[in-house]
Amino acid sequence: MSTAAKPTKVNIHNIQGDVLSGLPKKTQTFMFFKINNGKRFVTDLAKLAPLIKTVAQSLQDREAIDKHKKEKKPGLIKLVGANISLTSTGLQAVGLSGTAIANTSLTEPVFQAGAVSDAQNVLNDPLLPPDAPKNPGKPDWDPEFLDRVDGLLLVAGDSHKTVDEKIKEIRQVFPADPNHSSITIVKTIVGDVRPDPEGGHEHFGFLDGISNPLIAGFDKPVPGPEPIDASNTLTGYVNDGDWTKDGSFLVFRYLFQKVPEFNNFLQANALKKDPITSNDLDETAGSDLLGARLVGRWKSGAPVDITPFKDNLALANDKNRRNNFEFADEFRDNNKCPWASHIRRTNPRADVRQAPIAPRRIMRRGIAFGPEVTPEEKTSGTTQQGRGLLFACYQANITNAFQFIQKNWSNNPTFPFIGKDILPGFIPGVDPLIGQVKGPREMTGHDPLTANDPDQTPLSMETFILPRGGAYLFVPPIKLLRELNKHIPSS
Ligand code: HEM
């Protein structure tokens with residue numbers, strides 16, 4: 001269902017920079033913390049506020065980068081930005097629970113229950129066995145994420161040096177010694193854009209960061225999906241008097257990718273025939289085509305809905321064309337783009353005709369982590385070093401957006417519900433990248449020659465992406481960082 005979005009003039013001075021414009025970054029440090037002293041933390045937060053980068057400042061940074069590129073100057077400009085967010089236990093630690101948050105976006109049950117509970121009960125993350133000595137039955141995550149996490153400080157910049165300098169500044173407010181600080185850092189993770197020529201590509205090799213929703217009244221229109229209302233990304237736009245206005249919810253997922261295993265899988269299951277010419281495909285062409293059908297884009301970023309059987313670099317590089325598709329002429333079939341493919345699953349565009357899609361859209365801001373695949377890993381076909389994606393996305397409501405995508409779309413073998421009237425008996429299968437199911441991981445439509453055949457043999461897939469942590473966080477508006485004390489009941 002498409003209803004035109006309302007252009008809204010958002011207050012770019014009150015929103016943290018990563019939410020709308022995205023903090024420009026080559027590297028990003030995530031520091032998860034616990035609050036030692038709630039009262040003192042509230043005072044410290046007000047001191048930290050001037051160090052937090054706003055959307056307005058991030059936009060200036062982006063302009064400076066564009067100018068630098070246009071003038072063909074060498075190197076990168078020195079740029080850095082910090083943002084902060086709190087989990088529901090963090091809000092509790094400062095006294096924001098119960099009636100103090102009544103009638104605000106903060107009451108959202110999925111946010112309140114937190115990421116561990118969601119991973120365990122809803123998202124199908126792999127769990128530790130019931131007889132595990134520690135954390136039995138909990139998600140198989142790094143232990144710090146199973147323990148209490150109250151908040152996240154993230155610092156993004158052009159280099160480790162600039163980021164470390166900013167962290168030093170932040171340390172003036174929150175000293176490293178827990179006896180003198182209102183917080184203790186419990187886990188630090190560093191993400192880095194991959195080295196060229198893979199810059200901007202995630203570890204499986206696909207260009208990332210192409211399709212994000214455009215906000216009506218904020219983003220410049222680009223041909224593609226209709227812009228959405230700011231109220232889908234920012235909190236406090238639905239109820240008058242909601243003092244969370246201009247905040248957002250951040251979902252963080254620590255996702256490890258098994259790259260040599262993924263590459264071997266593509267090779268072992270390489271498609272055999274070119275569907276147009278019926279000529280044999282060599283192993284590289286056949287595995288590239290399979291990879292493109294699992295993701296919905298070629299490694300270059302070109303979408304298979306527009307260029308289904310052959311990569312097209314001109315299309316991949318054209319920002320006005322590469323996101324301008326709707327799966328509209330194939331809502332009854334999956335010849336060009338499998339229904340199960342990662343991008344058709346996570347943003348089904350015209351496949352979802354009856355329901356509003358805007359509340360499901362997420363603003364993705366992830367970054368890769370870990371080293372490049374080593375020659376030994378390539379030869380053995382086994383992952384020996386941790387690498388993957390520090391997945392991060394913003395939305396106004398986690399239940400309607402991230403959780404809905406993961407649970408109802410990516411993990412759900414029968415989505416979209418095409419069976420009855422279009423292809424009886426047809427089961428699309430799960431998202432080959434992130435789909436998490438208790439039963440077999442299977443998808444159909446992988447081979448264009450049999451894409452719509454209800455009797456085809458499904459492609460049986462290993463798990464290539466393993467979650468090792470996560471957090472659900474509220475990203476307060478700048479004004480609230482300064483004035484949190486006004487909303488805390490005096491008890
Ligand atoms: C390691 C894990 C992941 C990898 C390797 C990955 C990879 C990709 C790639 C290559 C694209 C296409 C580029 C683009 O459109 O920007 C993409 C798009 C997307 N991904 Fe992921 N992704 C991962 C996790 C997730 C998760 C956990 C979610 C949400 C539950 C998600 C949601 C999306 C969405 C919404 C899009 C854009 C779809 C569109 O608008 O066409 N991804 N991802």
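Helices and strands are DSSP runs, of at least four residues for a helix and at least two for a strand. On this basis, residues 329-410 of the predicted model are 24% helix and 16% strand. The end C-alpha atoms of this span lie 22 Å apart. An unreviewed UniProt entry lists the span as "domain: Dyp-type peroxidase C-terminal". The UniProt entry, unreviewed, also lists residues 14-195, as "domain: DyP dimeric alpha+beta barrel". Here the share of helix is 37% and that of strand 18%. The end C-alpha atoms of residues 14-195 are 34 Å apart.

The protein as a whole has 15 helices and 11 strands. Its radius of gyration is 23 Å, close to the 23 Å that the globule rule gives for 491 residues, so the protein is as compact as a globular protein of that length. The C-alpha trace spans about 70 × 60 × 50 Å along its principal axes. Buried residues make up 47% of the 491. Among contacts with a separation of 6 or more, 72% join residues 24 or more positions apart.

The interior was examined next. The largest nonpolar core comprises 112 residues. Leu-152, Phe-249, Ala-471 and Leu-473 have the most contacts inside this core. With residues up to four places away in sequence left out, Ala-471 touches Phe-32, Thr-87, Ala-115, Phe-145, Val-149, Leu-152 and Phe-252. Another core, of six residues, lies apart from the largest one. Trp-339, Ala-340, Met-443 and Met-461 are among its members.

The ligand is surrounded by 28 residues. Phe-206, Ile-210, Ser-211, Thr-346 and Asn-347 come nearest. The shell divides into 14 nonpolar, nine polar and five charged residues. At least two shell residues come from each of strand S5 (248-257), helix H12 (342-346), strand S8 (388-395) and helix H14 (402-410). H14 provides the largest share, with four residues.

Two loop positions were then considered. Phe-325 sits in the loop between helix H11 (313-317) and H12. Around Phe-325, 24 other C-beta atoms lie within 10 Å. The cut-off for a buried residue is 20 or more, so Phe-325 counts as buried. Beyond residues up to four places away in sequence, Phe-325 touches Pro-303, Asp-305 and Ile-306. Ser-105 is 220 residues from Phe-325 along the chain, and the C-alpha atoms of the two are separated by 33 Å.

Pro-454 lies in the loop between strand S9 (442-443) and strand S10 (459-460). Pro-454 has 12 C-beta neighbours inside 10 Å. A residue is exposed at 12 or fewer, so Pro-454 counts as exposed. Pro-454 nevertheless has contacts with Leu-423, Pro-424, Gly-425 and Phe-426, residues up to four places away in sequence not being counted. Pro-454 and Pro-424 are 30 residues apart in sequence, and their C-alpha atoms are 7.4 Å apart in space.

Key: Residues are numbered from 1 along each chain as its sequence is written. This is a predicted model: local features need pLDDT of at least 70, side-chain atom pairs count only at pLDDT 80 or more; totals for chains, interfaces and linings use all residues. UniProt positions are given in the numbering used here, feature names are shortened, and annotations may be inferred rather than shown by experiment. The radius of gyration is taken over C-alpha atoms; the globule rule is 2.2 Å times the number of residues to the power 0.38. Two residues are in contact if their C-beta atoms, placed from the backbone, lie within 7 Å. A residue is near a molecule or strand if its C-beta atom, placed from the backbone, lies within 6 Å of it. Ala, Val, Leu, Ile, Met, Phe, Trp, Tyr, Cys and Pro count as nonpolar, Asp, Glu, Lys and Arg as charged, and the others, Gly among them, as polar. A nonpolar core is a set of buried Ala, Val, Leu, Ile, Met, Phe, Trp, Tyr and Cys residues joined through C-beta atoms within 7 Å.
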